[in-house]
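Dear colleague,

I am passing on the structure we spoke about, together with some notes on what turned up in it. Please look through it alongside the points below.

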Amino acid sequence: MRFLTSVFAALAAFSVAAEAAGKAVLSNEESSLTILYQNNLNMTDDANHASYLLLNSATYTNAKSFCAQLSESLLSKTAAQQHATDLTYQLAYVEYAGKSNSPQSYYIQDGILTFSRNARQKLKFSTLPSYAKKAASYPVLCTQSAVGNAAQVTVPSFGNTFTGYRDKKSFHFMGIPYAKQPQRFTHSKLLSTTGQSYNATLPGDNCRQWGYGSENCLFLNIHTPHIPKAKGSRQLRPVLFWIHGGGFTGGDGKTDGGDLASREDVVFVGINYRLASYGFMAIPGHLEGNYGIGDQITALDWVVKNIANFGGDPNKITIAGQSAGAGSVRVLLGSPKAIGKFASGIALANLGGGVGLGLSSNYGTTYSKYFTQNESYAVAGQNLLTQAGCNQTSLAAQVQCLKTTTTDLTLTPDVARYVVQDGRIVVTPELIVTRPNKYTAHVPVIFGIAANDGGSLGSYSRTCNTTVDCLAADTYISTEWSQKILDSGLFPDPATGDIQHDAFNISQRVLTDNTFRCIDSATVVAGGSSNAFRSAYYYEADRGFVSTAYNPNNVDVTGPITPGYPNGNPNLPYFKVHSSELPMITGGVPVLRDANDMYYLQTTMAYWGAFLRTGSPNPDHTLLALRGYIKPLEAVKKVGTWKPVKGKSGPVNILNYPPKFTGFQDTLQCNWLNISLNYFWDRK
C-alpha cells in the first residue's frame with residue numbers, strides 16, 4: 001500500500017492509499033472529513049435529499065484533486081441550487097457550532113459559495129478569481145455519491161489503522177476488535193497490539209447464542225458523521241455507547257446508528273458482549289461470573305482511549321441500552337470498574353420488581369436486584385454442568401470440563417444469564433439510589449418504558465374459558481391471585497365480550513407495572529430526590545413501531561388498518577410492546593404510518609441529542625430552528641421544559657407527537673403491587 005501526498009500537504013491535503021485493486025482509500029493525515037446531510041428520518045424520502053462532503057481549507061487546485069481522490073467532484077452550483085434549502089440548513093449549523101467563520105466562503109465547481117447566517121441564510125455564488133487557483137484557501141464542498149461499502153476511509157488510532165466506509169449519512173467502521181478473544185470464563189482485556197491494519201467494512205461475528213455465533217466475538221461498530229484531522233485541533237462530537245438487549249442470551253451490536261449520527265451530529269458505538277452461560281456462568285470459588293458485563297467495560301475502555309480519532313468526545317460518553325441493555329446501564333451506573341468512564345446514562349425499558357402476586361420473583365427481578373454467586377449457581381449451576389456432560393466427581397473437575405467442552409452452552413435446558421455480586425464489577429445487591437454514595441455514578445440519567453412493555457413478557461392464552469383462568473395463564477400466577485387482581489378494581493376488565501383478549505389487556509398492564517413501570521418510576525424518584533443521580537428524567541413511550549417490536553403474542557402493534565392508513569392507524573388503540581420504542585433512538589423505520597410517525601422520531605431524537613450534548617434532554621430552540629427541525633421545535637415550545645424528577649409528582653414525559661407531561665402513571669396499581677414510588681425508601 002503506498003500513500004500519495006499532495007505537495008500542498010500543508011494546505012490540508014488528504015493522503016490516499018492506492019490498493020492493488022485500484023480502490024482509493026482515504027486517510028485523514030492532513031484534513032478532517034465531514035458528511036453533511038439533512039436527515040428527516042423518512043427513509044422513503046432519502047432519494048430527494050443530497051449529501052455533501054466538507055473538507056478543510058485548500059487551494060482551488062488542490063480542492064479539485066482532493067474531491068477526485070474521493071471519487072467525487074467539487075459540488076456544482078446547479079446541484080447546490082437544487083438542494084439549496086438542505087445545504088443552507090447544514091451550513092447554518094456548521095457556523096452555529098463554531099466550525100466556520102461568518103461569512104464563510106467555500107470552494108465549489110468553477111466558483112465560490114459564500115454563506116452567512118447574518119445574511120438571511122442565503123447562498124451567494126461568485127465566479128472564481130484568477131488568484132484563487134494558486135493562493136486563496138477555503139473549505140471545500142465535494143459531492144457525496146457513495147453507496148454500500150465501496151468508498152473507503154482509513155483512520156489511524158494508537159498505532160493501528162482502521163479502514164471503514166461512508167454512505168449518504170455517515171462513516172461506518174464495523175467489526176473492530178476491542179479485546180483479544182479471552183479464554184472461556186476469564187475476563188476480557190483491552191486489546192493492546194499495534195502495527196495492525198483492520199478491515200472495518202464488515203461486522204464481526206455475533207457472540208454465541210441460540211446455537212450460532214462465535215466465542216471470538218468481542219467487536220464494536222462505530223457510526224460517525226465526522227472524521228477529524230489526525231493532528232491539530234479537533235471538533236469532537238458526543239458519543240452514544242449502545243448496549244444491546246436480548247435477555248443476556250441474545251442480540252448483537254450491529255444496530256445501524258447512522259440516523260442518530262447524522263440527525264444529531266453525534267457518534268454511535270454499538271458493542272458485542274458475551275452472552276448466556278459463556279458470559280454469566282458463576283460458580284463460587286471457581287468462576288466469578290459477569291464476564292459479559294466485564295466485556296462491556298472493556299469496550300468502554302477502548303472507546304475512551306480511541307473514540308477521539310473517530311470524531312467522538314471521550315468526555316461526553318452516554319451509556320445507553322434497551323431491555324437487558326438497560327439492565328446493563330443500571331449495572332454500570334453502580335460499578336466501580338465503570339464509574340468515571342461515562343458522563344450520563346439512558347435506560348430504555350429496564351426490568352425489575354416482580355416480587356408479588358404470590359411470587360418471590362419473576363423474570364425481570366434479577367435485572368435490578370442481583371444474585372450472589374451462590375444464588376446464581378443454585379439456579380443455573382449443577383443442572384447445567386450435568387447437561388453439558390460434565391459429570392466428574394469433584395466440582396473442580398467439572399469446572400475444568402466446562403471450560404473445554406464442545407457442548408453448545410447456549411442450547412442446554414438451563415442457561416446462566418444472571419448478573420451476580422462478584423465483589424469486583426458488582427459490589428452491592430442493587431443500585432443504591434436513596435443517597436449519594438461512591439457506588440452510584442453521580443451523573444444525569446433518563447429512565448423510561450414503552451407503554452405496554454409487559455405485553456411481550458406474558459402469554460396470550462387462546463384455550464381458556466374464564467377471565468380468571470386466562471389471566472392466571474397469561475401472567476403465570478395462580479387463579480387465587482388472578483382473582484385478587486380482578487377484585488382489586490385497579491385493573492379493569494375491558495369486557496368487550498372477547499374473554500381471552502380482555503384477559504390479555506389486563507395481564508399486559510399488570511406485567512408492565514410489575515416488571516417495568518413501578519421499579520423504574522421508583523428508581524428515578526429515589527435517585528432524583530436523594531441526589532444519588534445528578535439529575536433524573538423519566539418518560540413513557542406512547543408510540544411504537546412494528547419493525548422492532550418484540551411481539552411473541554402476535555397482537556396488534558401498528559393500529560388497525562383504516563381508510564387512509566394502509567399500514568395501521570397509530571391514532572387508534574394498539575399495543576406499544578417491548579422494543580417497539582427502539583426507532584426513537586436508532587431511526588431506521590422502513591414504513592411510516594403517518595406524518596406524525598416522522599415528527600415523533602424527529603422530536604425524540606432531538607431530546608436524546610440534547611441529552612448527549614448537555615446532560616439535559618431539552619434541545620436549544622435556536623439550534624432546532626437553524627437546522628430546519630421545525631416540527632420538533634413546535635413540539636418542545638408547546639409542551640415546555642422537560643424537568644428532572646425531584647419527587648413523587650414527576651414529571652413524566654409521555655412521548656408521542658406532540659409529547660405531553662403528566663404525573664407518574666398507575667401509582668395506585670404500583671402501591672397494590674408493593675412497588676410504590678417509595679419502594680427504595682420503604683425497604684431501607
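The structure, which is a predicted model, holds five disulfides. When the bonded cysteines are numbered in sequence order, they pair as 1-2, 3-4, 5-6, 7-8, 9-10. Three of these links are described here.

Cys207 and Cys217 are joined with a sulfur-to-sulfur distance of 2.0 Å, and the link is right-handed, with 85° about the S-S bond. Both cysteines lie in the loop between strand E13 (197-199) and strand E14 (219-224), so the disulfide ties together parts that are 10 residues apart in sequence. Cys207 is buried at a relative accessible area of 2%, and Cys217 is buried as well, at 1%.

In the disulfide of Cys464 and Cys470, the sulfur atoms are 1.8 Å apart; the torsion about the S-S bond is about 105°, which makes this link right-handed, and both of its cysteines are buried.

The disulfide between Cys518 and Cys670, with an S to S distance of 2.0 Å, is left-handed, its torsion about the S-S bond being about -85°. This pair links distant parts of the chain, since Cys518 belongs to helix H13 (residues 499-530) and Cys670 to helix H18 (residues 667-672), 152 residues apart. Cys518 has a relative accessible area of 0% and is buried, and Cys670, at 5%, is buried too.

Apart from the disulfides, Arg274 may interest you: this residue lies in the loop between strand E17 (267-271) and helix H5 (276-280), and at 5% relative accessibility it counts as buried, because the cut-off is under 20%. Its side chain makes a polar contact of 2.9 Å with the side chain of Asp295, and a polar atom of the Arg274 side chain also lies 2.9 Å from the backbone oxygen of Thr186.

Best regards

Notes: Residues numbered from 1 in each chain as written. Predicted model: local features only at pLDDT ≥ 70, side-chain atom pairs only at ≥ 80, totals over all residues. Heavy atoms only, no water. Helix = DSSP H or I, 4+ residues; strand = E, 2+ residues; numbered from the N terminus. Buried < 20%, exposed > 50% of the residue type's maximum accessible area, 1.4 Å probe, protein only. Polar contact = N/O pair within 3.5 Å; in protein donor to acceptor, adjacent residues only side chain to side chain. Disulfide = S-S within 2.5 Å.
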